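Here is a short briefing to read alongside the structure. Please keep the view open as you go, and turn to each region as it comes up.

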Amino acid sequence: MCGIIGYSGSGDAVPVLVNGLKRMEYRGYDSAGIALLGKLPKSGLDFWVRRAEGRVTNLESKLKDHLLAHQGIAHTRWATHGAPTEINAHPHCAGSVSLVHNGIIENHAEIKDRLIAEGISFQSQTDTEVFAQLLNYEFSRLLKSNKGESPRQLVLKALQVSGAQALGHYSVLFMVKECPGSLFALHMGAPVVACKAEGVFVASDLQALLEYGRDLFFLKPGQILVAHPDSLEFFKASDLSLEDVSSERIEWAAEKVEKDGYEHFMLKEMFEQPLTVAETLSGRLPQDEDSPFLWDNPIAHQEIWSKSKRVTLVACGTAYHAAMIGKYYFEKMARVPVDVELASEFRYRDPVIDQGHLIGVISQSGETADTLAALRMARELGLDTFSICNVPGSTIARESQLSYPTKAGPEIGVASTKAFTNQLTILCALAADIGRLKGVDSARRKGVAQALARLPQDLERVLSFSDEFMEMGAGLSPLKTILFIGRGMMYPIALEGALKLKEITYRHAEGYAAGELKHGPIAMVDEKLAAVVFGPDDDVLAKTLSNLEEVRARNGKIIGIGSDDNSAFKKISDEYIGLKSLHWSVAPMAYVIPAQFISYGLAKHLGCDIDKPRNLAKSVTVE
Ligand code: F6R
């Protein structure tokens with residue numbers, strides 16, 4: 001969840017590091033810090049460290065008279081161990097070592113006790129400082145008994161020993177005084193990516209590197225990187241043997257990481273939905289309704305899906321809501337039974353596994369700790385796996401057998417928007433294709449490819465109501481509770497609407513299946529409650545409208561999002577926006593847009609920090 005960046009080259013390290021931190025600030029933003037290795041006026045070659053609570057701009061104000069150094073590391077934090085204070089901010093220095101870290105070291109307390117018994121004292125409450133002290137301790141021991149090995153070799157040995165002792169999923173990036181010019185990184189389950197241009201750059205996120213290079217080196221778990229200004233070397237942590245790592249070309253445009261004049265990344269990303277959906281579908285749509293969709297790995301796709309008898313879709317948060325809609329798609333179009341599981345629950349259960357059980361994981365970042373653990377568990381159980389991920393080169397995309405990438409481009413706003421519509425697009429296309437593969441003669445499937453081909457224009461049309469949706473959102477400010485309601489595929493959309501609203505406005509919202517209202521939540525309804533209702537013209541709309549009568553009878557406010565010619569729905573609503581009638585298969589992609597803008601409109605009205613909501617961070621790499 002934290003962002004880490006390092007640079008070693010011939011330029012001034014500070015602008016590179018600060019720029020990298022700003023690109024990764026969405027990963028965590030409660031404190032930030034920087035360490036340079038350079039010649040200090042009094043002490044000679046040493047670390048120059050500045051840290052600050054809060055945003056990167058607070059750190060920047062402490063860097064005005066920075067040391068001119070050509071090497072440094074930096075960090076933006078989402079606190080796990082220790083409060084978000086300056087003392088707990090990274091980098092942490094210990095003797096020869098200055099270090100930043102991402103993830104969690106599970107046995108930090110035990111290691112700390114051991115080091116304290118050796119006479120080492122600690123400044124912070126972090127697990128990070130424990131690793132820095134451990135590494136320095138091991139390095140100093142090796143240095144004392146050194147029989148002619150280079151400091152670099154000793155650092156590698158110390159890192160090998162420290163990495164074997166420190167348990168958990170994490171990565172570290174550090175500099176050592178005795179090895180000027182070098183950066184060292186260890187991947188123990190949290191991403192590390194590097195590139196070489198005018199110097200070397202190492203980060204937790206590819207977004208931080210795109211402006212320096214497109215040919216990126218992704219470390220694998222258990223690998224060490226040693227980066228010098230003109231070279232990158234990779235080692236296996238277990239035996240320190242050299243490893244060959246080839247680069248991967250990433251086509252994401254660096255400009256996509258800019259706001260492009262929009263007030264927020266979230267706003268920009270909501271407007272990018274039509275274009276990105278077109279990008280995800282590009283080259284995939286079949287020639288006609290009986291031809292296959294075109295996937296990257298058609299033979300493996302065909303092999304794995306032909307033997308699948310049951311699918312479990314596993315994800316967290318917004319991606320979980322996409323999985324819920326995936327269930328409707330697969331059941332309708334492919335007649336494949338689908339279970340949908342929260343990754344954090346699935347991984348700790350003892351699921352009943354059948355022959356032909358296929359596990360699909362969905363993740364924007366491709367790094368979510370619980371989702372990754374669920375994928376690994378499935379692989380250990382010998383199950384076939386597929387993933388739907390947005391970040392190229394991400395761990396989940398690499399570790400699954402089949403990968404169906406969404407092409408939403410970088411999603412920087414913490415609240416996920418365009419990744420969701422793109423996940424739905426892939427799920428819809430995939431279910432239609434599997435229906436064809438399994439010979440399901442379903443009239444329902446017909447027309448899906450045409451509906452997908454028209455989807456970008458349909459989404460553009462929905463976006464033309466963005467001002468009205470935002471106004472609706474702002475109008476919710478006096479209310480105490482917002483219920484989001486829908487049936488069928490609109491039920492997960494209701495859950496997603498409530499999640500968006502909670503995340504960025506901190507107001508109370510709940511998503512409910514309309515039929516569930518009278519089983520409890522109707523008790524909350526009075527004049528201080530609004531129900532935002534998603535009701536496309538489908539075979540369950542009449543039922544939803546009866547449920548709305550119950551809300552109206554108790555003075556709840558009704559905000560309807562339905563089709564433009566549905567007079568009954570319009571009549572029962574206090575406010576109503578009608579969308580053009582859509583093919584059933586693409587209704588979820590269209591109806592989530594009002595939910596996103598309503599939440600955004602309210603958050604803006606309330607003056608919330610929309611791209612960086614409190615307590616949240618993008619890419620949840622801790623459990
Ligand atoms: C909500 C949101 C989170 C993520 C969840 C999973 O707006 O962003 O709920 O959807 O943390 O993240 P990924 O998709 O990266 O696995």
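## A strand enclosed on both sides

All of strand S7 (residues 170-176) is buried, 7 of the 7 residues, so S7 is largely enclosed by the rest of the structure. Please bear in mind that this is a predicted model. From S7 the tour moves out to its sheet, then to the loops, the domains and the ligand.

**Strand S7 and its neighbours**

- Which residues cover the two faces of S7? On one side are Tyr 170, Val 172, Phe 174 and Val 176, and on the other Ser 171, Leu 173 and Met 175, all of them buried.
- That split fits a general pattern: in a regular strand the side chains alternate between the two faces of the sheet.
- S7 runs antiparallel to strand S6 (residues 97-103), and 7 bridges join the two.
- Within this pairing, Val 97 stands opposite Val 176 in S7.
- S7 is also joined to S8 by 4 bridges, again with an antiparallel run.
- Here Val 172 is the residue of S7 to look for, as it stands opposite Leu 186 in S8.
- S7 and S8 form a hairpin with 6 residues between them. In the turn you will find Gly 181, which has a positive phi of about 95°.

**The sheet as a whole**

- How many strands form the open sheet, and in what order? There are 7, in the order S5-S6-S7-S8-S12-S13-S14, with antiparallel pairing.
- The edges are strand S5 (92-94) and strand S14 (242-243), each of which pairs on one side only.
- As general background, strands of a sheet pair through backbone hydrogen bonds, either parallel or antiparallel.
- Further along the order, strand S8 (residues 183-188) and strand S12 (residues 223-228) run antiparallel and are joined by 5 bridges.
- Leu 186 appears again in this pairing, standing opposite Ile 224 in S12. Leu 186 therefore makes a handy landmark, with Val 172 of S7 facing it as well.

**Loops worth a look**

- Two residues to visit lie in the loop between S4 and S5. One is Trp 78, in the loop that follows strand S4 (71-77), and the other is Pro 91.
- Is Trp 78 buried or exposed? The answer falls in between: Trp 78 is partly exposed, because its relative accessible area is 23% and the buried class ends under 20%.
- The C-alpha atoms of Trp 78 and Asn 102 are separated by 9.2 Å, while the two residues are 24 residues apart along the chain.
- The peptide bond leading from His 90 to Pro 91 is cis, with omega near 0°.
- Leu 240 sits in the loop between strand S13 (231-236) and S14. Although Leu 240 is not a glycine, its phi is positive, at about 60°.
- Leu 240 counts as buried because its relative accessibility is 15%, and the cut-off is under 20%.
- Asn 555, in the loop between helix H17 (541-553) and strand S24 (557-563), is another residue other than glycine with a positive phi, near 70°.
- Unlike the buried Leu 240, Asn 555 is exposed, with a relative accessible area of 53%.

**Domains**

- The protein chain is divided into domain 1 (3-257), domain 2 (258-463) and domain 3 (464-613).
- Taken over C-alpha atoms, the centres of domain 1 and domain 3 are 45 Å apart.

**The ligand and its shell**

- How many residues surround the ligand? There are 15, and the closest are Ser 363, Gln 364, Ser 365, Thr 368 and Glu 503.
- By type, the shell divides into 6 nonpolar, 7 polar and 2 charged residues.
- Domain 2 (258-463) and domain 3 (464-613) each give at least three residues to the shell.
- Oxygen atoms of the ligand take part in several polar contacts. A polar side-chain atom of Ser 363 lies 2.6 Å from one such oxygen atom.
- The backbone contributes too: an N or O atom of Ser 416 is 2.8 Å from an oxygen atom of the ligand, and one of Val 414 is 3.2 Å from an oxygen atom of the ligand.
- Taken alone, the ligand exposes 400 Å², and the protein buries 87% of that.
- Helix H9 (317-334) and helix H16 (490-505) are the elements that give two or more residues to the shell.

Key: Residues are numbered from 1 along each chain as its sequence is written. This is a predicted model: local features need pLDDT of at least 70, side-chain atom pairs count only at pLDDT 80 or more; totals for chains, interfaces and linings use all residues. Side-chain values use heavy atoms; hydrogens and water are left out. A residue is near a molecule or strand if one of its heavy atoms lies within 4 Å of it. A polar contact is a pair of N or O atoms within 3.5 Å; within protein, one must be able to donate a hydrogen and the other to accept it, and residues adjacent in sequence count only if both atoms are side-chain atoms. Accessible areas come from the Shrake-Rupley method with a 1.4 Å probe; for residues, only the protein chains shown count as cover. Ala, Val, Leu, Ile, Met, Phe, Trp, Tyr, Cys and Pro count as nonpolar, Asp, Glu, Lys and Arg as charged, and the others, Gly among them, as polar. Domain bounds come from an automatic or database domain assignment. Two strands pair if DSSP finds at least two bridges between them. Buried means under 20% relative accessible area, exposed over 50%, partly exposed in between (1.4 Å probe, protein chains only).
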